[in-house]
Amino acid sequence: MVIATLFILLFALMLLGVPVAVALGTTTLLTSFFFTDMDLMGIPSKIFDGLNKYTLMAIPMFILAGSLLSRGSSAHRIIEFAKSLVGHLPGGLPIAAILASIIFAAVSGSSPATVAAIGSVMYGAIKQAGYNEQFAIGTIATSGTLGILIPPSIVFIVFGVTADQSIGKLFMAGVIPGLMIGAMMMIATYFLAKRSGFKAGKRASFKEQFTAFKNAFWALLIIVIVIGGIYGGIFTPTEAGAFSVMYAFFVSFFIYRDTKFKDLYKIILDSAQTSSMIFFIIANAMLFAHFLTDEQIPQHITEMIIEANMGPLMFLLIVNILLLLMGQFMEPSSVVMITVPLLLPIGMALGIDPIHLGVIMVVNMEIGMITPPVGLNLFVASGITGLSLKQVIVASLPMTTILMIGLLLVTYIPEISLWLPRLMYG
């Protein structure tokens with residue numbers, strides 16, 4: 001009765017258009033009041049305890065660092081470097097957009113930011129090269145989803161805090177799946193372009209490649225510093241976030257000199273608004289998770305699944321279906337915060353590694369970012385190109401298929417996610 005009421009009320013509120021964070025909090029309070037003896041006076045302290053985590057400080061830091069770099073010329077310099085490497089291939093410019101998205105994902109940690117930064121520069125260039133606009137924006141919108149899989153990823157931080165798992169291991173676990181899916185997209189783009197009659201162009205000389213690398217060097221260096229610093233034991237992910245802000249500020253204002261001090265207020269305000277939205281979701285999701293744990297709902301569901309003799313493979317299939325459906329309607333951090341308290345105990349009881357489950361969830365959220373009706377990348381891509389939402393959705397379908405294949409590989413070959421964390425951490 002409690003479980004049914006909880007989830008029916010939650011999804012009813014969301015279908016009515018109530019913001020996810022408000023729906024989570026309202027559902028928990030009403031269900032607690034009418035069906036349990038949970039101490040409602042203690043709720044504020046539980047929310048505070050949930051948010052009072054050192055690791056969560058990394059979220060606003062990485063968001064601000066990404067905003068500082070995407071506002072200036074860093075994205076353009078990364079794109080020029082990617083073009084110098086692969087621009088001569090059939091489909092060279094779309095492939096360069098994918099490669100630039102992979103690189104920028106390691107700078108921003110945000111999927112919409114990656115689409116906006118790369119798309120605003122590459123969309124027009126791809127069209128001018130003779131590609132149709134659907135092919136151009138479909139490539140950019142889908143490759144931008146890698147922003148939440150390749151570290152540093154904000155969604156991995158949310159998962160790590162919720163599941164009490166190592167952020168460092170999760171970051172490492174996202175590297176190979178991110179590079180693999182990015183490579184699959186580039187290969188598919190190559191063959192699609194070749195089939196459409198696009199031929200190889202002139203390869204950039206080593207001198208041109210070196211010049212492009214030199215121009216992008218300071219933007220690329222943040223990847224080495226942040227990721228290398230975390231895995232070299234120099235600083236924690238939270239400290240890496242703080243350092244990335246300092247570095248992004250220094251590069252934008254004093255090296256590239258393409259950001260003015262008058263822009264700083266708008267950059268900080270936008271970053272604060274994005275961070276506030278995420279933290280409001282986290283606060284209410286923490287309350288929701290506490291209610292689930294207090295009422296032992298995950299334990300009851302785990303017992304039901306084990307009694308039904310459901311194996312790990314079938315469980316993972318159900319997990320993927322559930323997450324794909326939820327990803328169509330909800331923001332990634334919301335889905336993670338809601339589902340982890342339910343799915344993690346079941347997965348661990350079935351012998352599934354929590355790090356592997358985290359990667360599966362994030363890849364599902366990638367697909368959700370380009371799936372209507374709430375796929376945020378679709379709206380960003382529509383906004384920067386002027387195309388209708390329907391056009392962007394249709395254009396994204398070929399690469400969405402690649403993402404689905406990547407999801408199957410990541411789900412049923414755990415070593416894709418786990419090999420690197422085990423190598424690094426033992």
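Start by selecting Thr-189, which is buried, with a relative accessible area of 0%. You are looking at a predicted model, and Thr-189 sits in helix α10. Which residues does Thr-189 contact, once its neighbours within four places in sequence are left aside? Show the side chains of Gly-91, Pro-94, Ile-95, Ile-98, Phe-135 and Met-399, and you have the set.

Keep Pro-94 on screen and add Ile-126, since Pro-94 is also among the residues that Ile-126 touches. Ile-126 belongs to helix α7, residues 111-128, and is buried too, at a relative accessible area of 0%. Beyond residues up to four places away in sequence, Ile-126 touches Leu-93, Pro-94, Ala-97, Tyr-131, Ala-136 and Ile-140. For a sense of scale, draw a distance from Ile-126 to Pro-44: the two are 82 residues apart in sequence, and their C-alpha atoms are 51 Å apart in space.

Next stop, the largest pocket. Its space comes to about 620 Å³. To centre your view, pick Ile-63, Ser-110, Pro-112, Ala-113 and Thr-274, the closest to the pocket centre among its 28 lining residues. Now colour the helices around it: α4 (58-71), α7, α9, α13 and α16 (332-349) each give at least two residues to the lining. What is the make-up of that lining in nonpolar, polar and charged residues? Colour by residue type and you should find 14 nonpolar, 11 polar and three charged.

On to the rings. The model has 12 aromatic pairs in total. One of them is Phe-217 with Trp-218, an edge-to-face pair with centres 5.3 Å apart and 75 degrees between the planes. Both partners count as partly exposed, Phe-217 at 31% relative accessibility and Trp-218 at 34%. Compare that with Phe-253 and Phe-261: their ring centres are 4.8 Å apart and their planes are at 40 degrees, so this pair is tilted. Are Phe-253 and Phe-261 buried or exposed? Phe-253 is buried, at 8% relative accessibility, whereas Phe-261 is exposed, with a relative accessible area of 53%.

Widen the selection to Phe-249, Phe-250, Phe-253, Phe-254 and Phe-261, which form one aromatic cluster. Then select Tyr-256 together with Arg-77: the arginine lies over the face of the Tyr-256 ring, 3.7 Å from the ring centre.

Now for some backbone oddities. Select Arg-257, in the loop between α12 (237-255) and α13 (264-294). Its phi is positive, near 55 degrees, in a residue other than glycine. Arg-257 is exposed, with a relative accessible area of 60%.

A second positive phi turns up at Asp-164, about 55 degrees, although this residue is not a glycine. You will find Asp-164 in the loop between α9 and α10 (167-195). Is Asp-164 buried or exposed? Asp-164 is exposed, at 69% relative accessible area.

For the last stop, go to Pro-152, in the loop between α8 (133-143) and α9 (154-163). What kind of peptide bond joins Pro-151 and Pro-152? Show the backbone atoms there: the bond is cis, with omega about 0 degrees.

Conventions:
Residues numbered from 1 in each chain as written. Predicted model: local features only at pLDDT ≥ 70, side-chain atom pairs only at ≥ 80, totals over all residues. Heavy atoms only, no water. Helix = DSSP H or I, 4+ residues; strand = E, 2+ residues; numbered from the N terminus. Buried < 20%, exposed > 50% of the residue type's maximum accessible area, 1.4 Å probe, protein only. Contact = heavy atoms within 4.5 Å. 1 Å grid on protein atoms, 1.4 Å probe; cavity = no way out; pocket = protein on both sides within 12 Å on 5 of 7 lines; lining within 4 Å. Points joined across faces, edges and corners; volume = space filled by probe spheres on them. Nonpolar A, V, L, I, M, F, W, Y, C, P; charged D, E, K, R; others polar. Phe/Tyr/Trp six-rings, centres within 6.5 Å; stacked < 30°, edge-to-face > 60°. Lys NZ or Arg CZ within 6 Å of the ring centre and 35° of its normal.
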